[in-house]
Amino acid sequence: MWRTYGRWYGVPVVVLDTAKGFVPALVFSVTVSPLAGVLAGAGAMLGHARPLFLRFERGGKMVATTGGAFLGLAPLVAAVGAVVWLVVFLLFRYASLASIAGAVSLPIAAVVLGYSWAVIAVLFLHRANIRRLLRGEENRFTLLRRNGGRKPRTPRPDVRTP
């Protein structure tokens with residue numbers, strides 16, 4: 001969203017997508033059980049990937065929602081994933097590469113920190129980004145645009161629109 005419409009739309013979307021995973025995972029984890037929190041977080045992630053209002057067609061890649069679910073269930077694991085995401089993003093300026101690196105760090109951090117479960121679906125969802133990165137065709141992120149970043153770009157041919 002940030003890349004297409006600018007930071008004024010991108011920041012609130014990231015915050016809301018993160019909250020979408022965080023709130024149900026935390027609430028169910030605290031009020032019912034850790035397993036219920038995992039299932040609630042997974043449900044939020046699934047709802048983001050295949051939203052009802054799009055008739056279960058492809059939605060988002062659930063990176064922020066996954067981060068929010070991890071934040072609600074395992075804050076230290078989420079912190080490791082966030083740091084990895086930020087470092088890779090600042091070094092290479094590819095949000096997709098940062099998301100993939102962050103996703104890879106989650107199961108590793110979960111094992112190192114003593115958790116017995118991990119999420120690896122983000123890698124599968126980023127397979128098109130991985131192909132573009134390997135071919136050198138992935139778009140780099142720019143922090144500031146001269147036009148304010150509010151004008152939508154034309155969709156890439158690999159992105160399906162509803």
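Which helix does Ala-109 lie in? Ala-109 lies in helix α6. This is a predicted model. The protein chain has eight helices and zero strands. Buried residues account for 30% of its 162 residues.

**Whole chain**

- Read from the N terminus, the elements run α-α-α-α-α-α-α-α.
- Take the contacts between residues at least 6 apart in sequence: 59% of them join residues at least 24 apart.
- The chain exposes about 10,300 Å². Carbon and sulfur atoms supply 70% of that area.

**Ala-109 in α6**

- Ala-109 has a relative accessibility of 7%. It counts as buried because buried means under 20% relative accessible area.
- Leaving aside residues up to four places away in sequence, Ala-109 touches Val-77 and Val-80.
- Ala-109 and Ala-79 are 30 residues apart along the chain. Their C-alpha atoms are separated by 9.5 Å.

**The nonpolar patch**

- Six residues form a nonpolar patch on the surface: Leu-76, Val-80, Val-104, Ile-108, Val-112 and Leu-113.
- Together they have about 530 Å² of accessible area.
- Helices α5 (75–92) and α6 (95–112) each supply at least two residues of the patch.
- Helix α6 gives the most, with three residues.
- Leu-113 sits in the loop between α6 and α7 (121–125).
- Leu-113 has a relative accessible area of 41%. That value lies between the 20% and 50% cut-offs, so Leu-113 is partly exposed.
- Val-80 has two roles here: it belongs to the patch, and it touches Ala-109.

**Where α4 meets α5**

- Helix α4 (residues 63–73) packs against α5 at an angle of about 145 degrees. The two axes are 6 Å apart.
- From α4, the residues in this contact are Gly-67, Phe-70, Leu-71 and Leu-73. From α5, they are Pro-75, Val-77 and Ala-78.
- By type, the contact residues are six nonpolar, one polar and no charged. Gly-67 is the polar one, because Gly counts as polar.
- Val-77 appears twice: it takes part in the contact with α4, and it touches Ala-109.

**Val-63 in α4**

- Val-63 is found in helix α4.
- Is Val-63 buried or partly exposed? Its relative accessibility is 29%, so it counts as partly exposed.
- Val-63 and Met-45 are 18 residues apart along the chain. Their C-alpha atoms are separated by 8.6 Å.

How values were computed:
Residues are numbered from 1 along each chain as its sequence is written. This is a predicted model: local features need pLDDT of at least 70, side-chain atom pairs count only at pLDDT 80 or more; totals for chains, interfaces and linings use all residues. Side-chain values use heavy atoms; hydrogens and water are left out. Patches are made of residues with over 30% relative accessible area and no salt bridge: like charges are joined within 9 Å, nonpolar side chains (Val, Leu, Ile, Met, Phe, Trp, Tyr) within 5 Å. Accessible areas come from the Shrake-Rupley method with a 1.4 Å probe; for residues, only the protein chains shown count as cover. A salt bridge is a side-chain nitrogen of Lys or Arg within 4 Å of a carboxyl oxygen of Asp or Glu. Helices (H or I, at least four residues) and strands (E, at least two) are DSSP runs, numbered from the N terminus. Buried means under 20% relative accessible area, exposed over 50%, partly exposed in between (1.4 Å probe, protein chains only). Axes are lines fitted to C-alpha atoms, for helices over the stretch in contact, and angles run from 0 to 180 degrees between N-to-C directions. Contact means heavy atoms within 4.5 Å.
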